[in-house]
Amino acid sequence: MAYDPDNIFAKILRGEANAHVVLDEEHCLGFMDLMPQSPGHTLIIPREPVENIFDLSAEGLAVLIATTQRVARAVKTAFRPAGVMILQLNGADAGQTVFHIHFHVIPRYPGEGLTLHARSVADAEELREHAARIRAALQVVPQ
């Protein structure tokens with residue numbers, strides 16, 4: 001499958017679709033998942049237009065994983081979950097639904113079931129508040 005420049009993440013990168021942004025840097029963008037599996041569920045994407053991990057440059061992957069680690073630390077600081085799941089899917093048969101490489105940072109709390117995707121869109125005000133908490137935590141976590 002060829003990269004689709006009209007996928008929702010490409011639209012977010014171009015400013016054509018809204019997102020609750022937690023991190024906006026030269027090579028990566030982090031924002032709240034609209035259908036979070038748990039409070040604080042955040043996505044990190046590269047600006048490089050690629051579908052999956054196999055197409056991403058080694059340099060791009062290095063920056064993406066370092067950024068994911070930093071965002072995960074901020075999520076952990078902001079939400080104090082019992083655990084944090086880092087998830088990255090490649091291809092429809094693996095569960096990928098948006099074909100622009102991305103990492104999920106998913107806080108996990110006692111009693112939650114493990115699923116790949118949520119079923120409903122979260123309240124926009126709640127996502128704004130969660131994004132603000134993560135942005136604040138990014139100011140205090142080590143780079």
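In this predicted model, L64 touches C28, I44, I45, P46, L56, I101 and F103, leaving aside residues up to four places away in sequence. L64 also stands out within the largest nonpolar core, a set of 24 residues in which L64 and I134 have the most contacts. Several elements build this core: β1 (21–24), β2, α2 (58–79), β5 (103–108) and α3 (124–138) each contribute at least two residues. Helix α2 supplies the largest share, with seven residues. Apart from this core there is a second, separate one of eight residues, and F9, I12, A17 and L43 are among them.

A look at the aromatic residues comes next. The model holds one aromatic pair. The ring centres of F9 and F31 are 5.4 Å apart and the ring planes meet at 75°, so the pair is edge-to-face, a class that calls for planes over 60 degrees apart. F9 belongs to helix α1 (residues 8–14) and F31 to strand β2 (residues 28–32), so the pair ties together parts that are 22 residues apart in sequence. Both F9 and F31 are buried, and F9 is also one of the residues of the second core. Another ring, that of F79, has a charged partner: the charged end of R133 sits over the ring of F79, at 4.1 Å from its centre.

Helix α2 deserves a closer view through two of its residues. T67 lies in this helix and has a relative accessible area of 3%, so T67 falls under the 20% cut-off and is buried. A polar atom of the T67 side chain lies 2.8 Å from the backbone oxygen of V63. With residues up to four places away in sequence not counted, T67 touches L23, E25, C28 and I44. Two of these, C28 and I44, are also touched by L64. A62 is likewise placed in helix α2, but its relative accessible area is 44%, so A62 lies between the 20% and 50% limits and is partly exposed. A62 and Y109 are 47 residues apart along the chain, and their C-alpha atoms are separated by 29 Å.

Two loop residues offer a pleasant contrast. Q96 is found in the loop between β4 and β5, and at 3% relative accessibility Q96 counts as buried. The side chain of Q96 reaches two backbone oxygens: that of E51 at 2.9 Å and that of V98 at 3.0 Å. Beyond residues up to four places away in sequence, Q96 touches E51, N52, L89, N90, G91 and I101. E51 thus appears both as a residue touched by Q96 and as the owner of a backbone oxygen reached by the Q96 side chain. I101, in turn, is touched by Q96 and by L64.

A82 sits in the loop between α2 and β4 (83–87). Its relative accessibility is 65%, so A82 passes the 50% limit and counts as exposed. A82 touches R108, Y109 and P110, again not counting residues up to four places away in sequence. For A82 and P107, the C-alpha to C-alpha separation is 7.6 Å, with their positions 25 residues apart in sequence. Y109 therefore features in two descriptions, being touched by A82 and having a C-alpha atom 29 Å from that of A62.

These local views fit into the following overall picture. The secondary structure of the protein comprises three helices and five strands, arranged along the sequence in the pattern α-β-β-β-α-β-β-α. The radius of gyration is 14 Å, close to the 15 Å that the globule rule gives for 143 residues, so the protein is as compact as a globular protein of that length. Along the principal axes, the C-alpha atoms fill a box of roughly 40 × 30 × 25 Å. Buried residues account for 45% of the 143 residues; T67 and Q96 are examples. Among contacts between residues at least 6 apart in sequence, 63% join residues at least 24 apart.

Key. Residues are numbered from 1 along each chain as its sequence is written. This is a predicted model: local features need pLDDT of at least 70, side-chain atom pairs count only at pLDDT 80 or more; totals for chains, interfaces and linings use all residues. Side-chain values use heavy atoms; hydrogens and water are left out. Rings of Phe, Tyr and Trp (its six-membered ring) pair if their centres lie within 6.5 Å; planes under 30 degrees apart count as stacked, over 60 as edge-to-face and the rest as tilted. Helices (H or I, at least four residues) and strands (E, at least two) are DSSP runs, numbered from the N terminus. Buried means under 20% relative accessible area, exposed over 50%, partly exposed in between (1.4 Å probe, protein chains only). A charge sits over a ring if NZ of Lys or CZ of Arg is within 6 Å of the ring centre and within 35 degrees of the ring normal. A nonpolar core is a set of buried Ala, Val, Leu, Ile, Met, Phe, Trp, Tyr and Cys residues joined through side-chain atoms within 4.5 Å. Contact means heavy atoms within 4.5 Å. A polar contact is a pair of N or O atoms within 3.5 Å; within protein, one must be able to donate a hydrogen and the other to accept it, and residues adjacent in sequence count only if both atoms are side-chain atoms. The radius of gyration is taken over C-alpha atoms; the globule rule is 2.2 Å times the number of residues to the power 0.38.
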